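This report covers pockets, helix packing, aromatic contacts and backbone geometry. The structure comes first.

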Amino acid sequence: MTTDVWLPFAPEEIPGLPSAADHGLTYRFWDGGDTFPADPADCAFYVVPYLKGAEIAVRPLAGMARAEVVQTLSAGVDHVQAGMGPLHPGVRLCNARSVHEASTAELTLALILASLRGIPRFVEGQRQEEWRSGFYPALADKTVLIVGYGSIGSAIEDRLAPFECARVLRVARSARDTERGPVHPLAELPSLLPEADVVVLSTPLTEATRGLADAEFLARMRDGALLVNAARGPVVDTKALLAEVESGRLTAALDVTDPEPLPAGHPLWHAPGVLISPHVGGSTSAFLPRAKRLLARQLTHWTAGEPLDNVVYTTA
């Protein structure tokens, strides 16, 4: 009987992997193709193919009777965790913390700046040969509220630092102190929303955060505020958001939407004050080397019997 490790990259392309011969492993390459590389029952360490969708991600799980670890290459795990019910107790689900922080934070800042400074309007003006000058909002002197102050939220604040914001407010599931200042608990969010010019969502999708930015949430945001969703589409109530942006009271910059991909003809495409990027927060040149380093590190820990990084869920 073999002990298989399923990888979405060819093993020879991942520097620092533990020796298969020394640890009795067989590395199998599977990137979501129609045919499995081997019997899923022999897989002990499964690395989920990246950006292939939930259906492909969970397809082999039901047959993984010997699974010990399921490792995603995404920060969010909602698309995988929902399919782990058939697995035996004790299987650890790990996310890709350390892989996406820089890229997601970069895009978040790009969306904020593009939205405030009118970049979409300038692009449209260039196409039509129109000189659209005027005064536009600056990020300087604005108050930014980060909802979901984990590693990505912290990386976003790192990149906000040079832009002379008036304040950065932080919200997470529970209160804590950081070197930069306090992190407020989610219970205080309603009282903080009216203070922010820019509200950034960087929270994972859970039952507690699904629909978090609903009609009541959005109504508490101040007139003219910008909502930036760098989290997951269902964190925002799309119908409620459309009502606010179509009225002109709020603007939005969305790297994720609900539904996703956003279908042709959906009203979000042409809603006033809405900038959409196609869920590319982590899809940059920084992804591949960081993902490979994560896999080499995790497999080294696993073969040595050491604690794994980034364990976010264990089957019961």
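The lining of the second largest pocket is made up of 11 nonpolar, five polar and three charged residues. The model is a predicted one, and the volume computed for this pocket is about 480 Å³. Its lining counts 19 residues, of which S115, P120, R121, G273 and V274 are the closest to the centre. Four elements each contribute at least two lining residues: helix 4 (101-117), helix 5 (119-127), strand 12 (251-254) and strand 13 (274-276). Helix 5 gives the largest share, with six residues.

Two of these pocket elements also pack against each other. The axes of helix 4 and helix 5 are 5 Å apart and make an angle of about 65°. On the helix 4 side the contact involves L113, A114 and R117, and on the helix 5 side I119, P120 and F122. Five of the residues in this contact are nonpolar and one is charged, with no polar residue. P120 thus appears twice, in the contact with helix 4 and among the residues closest to the pocket centre.

Which residues line the largest cavity? They are N229, G233, V236, T238, L241, L254, V256, T257, D258 and L268. By class, five of them are nonpolar, four polar and one charged. The space inside amounts to about 50 Å³, and the search of the whole structure finds one cavity of 30 Å³ or more.

D258, part of that cavity lining, is also joined to P259 by a cis peptide bond. A second cis bond runs from E260 to P261. Both P259 and P261 lie in the loop between strand 12 and strand 13. The two bonds are listed here.

| Cis peptide bond | Omega |
|---|---|
| D258 to P259 | about 10° |
| E260 to P261 | near -5° |

Most residues other than glycine have a negative phi, and most peptide bonds are trans. Besides the cis bonds, the backbone has a further feature of note at D141, where phi is positive, about 70°, although the residue is not a glycine. D141 sits in the loop between helix 5 and strand 6 (143-147).

Aromatic side chains form the last topic. The structure contains eight aromatic pairs. One aromatic cluster consists of W6, W30, F36 and Y46. A charged residue is also placed against a ring: K292 lies over the face of F9, at 5.9 Å from the ring centre.

Note on methods. Residues are numbered from 1 along each chain as its sequence is written. This is a predicted model: local features need pLDDT of at least 70, side-chain atom pairs count only at pLDDT 80 or more; totals for chains, interfaces and linings use all residues. Side-chain values use heavy atoms; hydrogens and water are left out. On a 1 Å grid over the protein atoms alone, a cavity is a set of points where a 1.4 Å probe fits but cannot get out, and a pocket is an open set with protein on both sides within 12 Å along at least five of seven lines; lining residues have an atom within 4 Å of a point. Grid points are joined across faces, edges and corners, and a volume is the space filled by probe spheres set on the points. Ala, Val, Leu, Ile, Met, Phe, Trp, Tyr, Cys and Pro count as nonpolar, Asp, Glu, Lys and Arg as charged, and the others, Gly among them, as polar. Axes are lines fitted to C-alpha atoms, for helices over the stretch in contact, and angles run from 0 to 180 degrees between N-to-C directions. Contact means heavy atoms within 4.5 Å. Rings of Phe, Tyr and Trp (its six-membered ring) pair if their centres lie within 6.5 Å; planes under 30 degrees apart count as stacked, over 60 as edge-to-face and the rest as tilted. A charge sits over a ring if NZ of Lys or CZ of Arg is within 6 Å of the ring centre and within 35 degrees of the ring normal.
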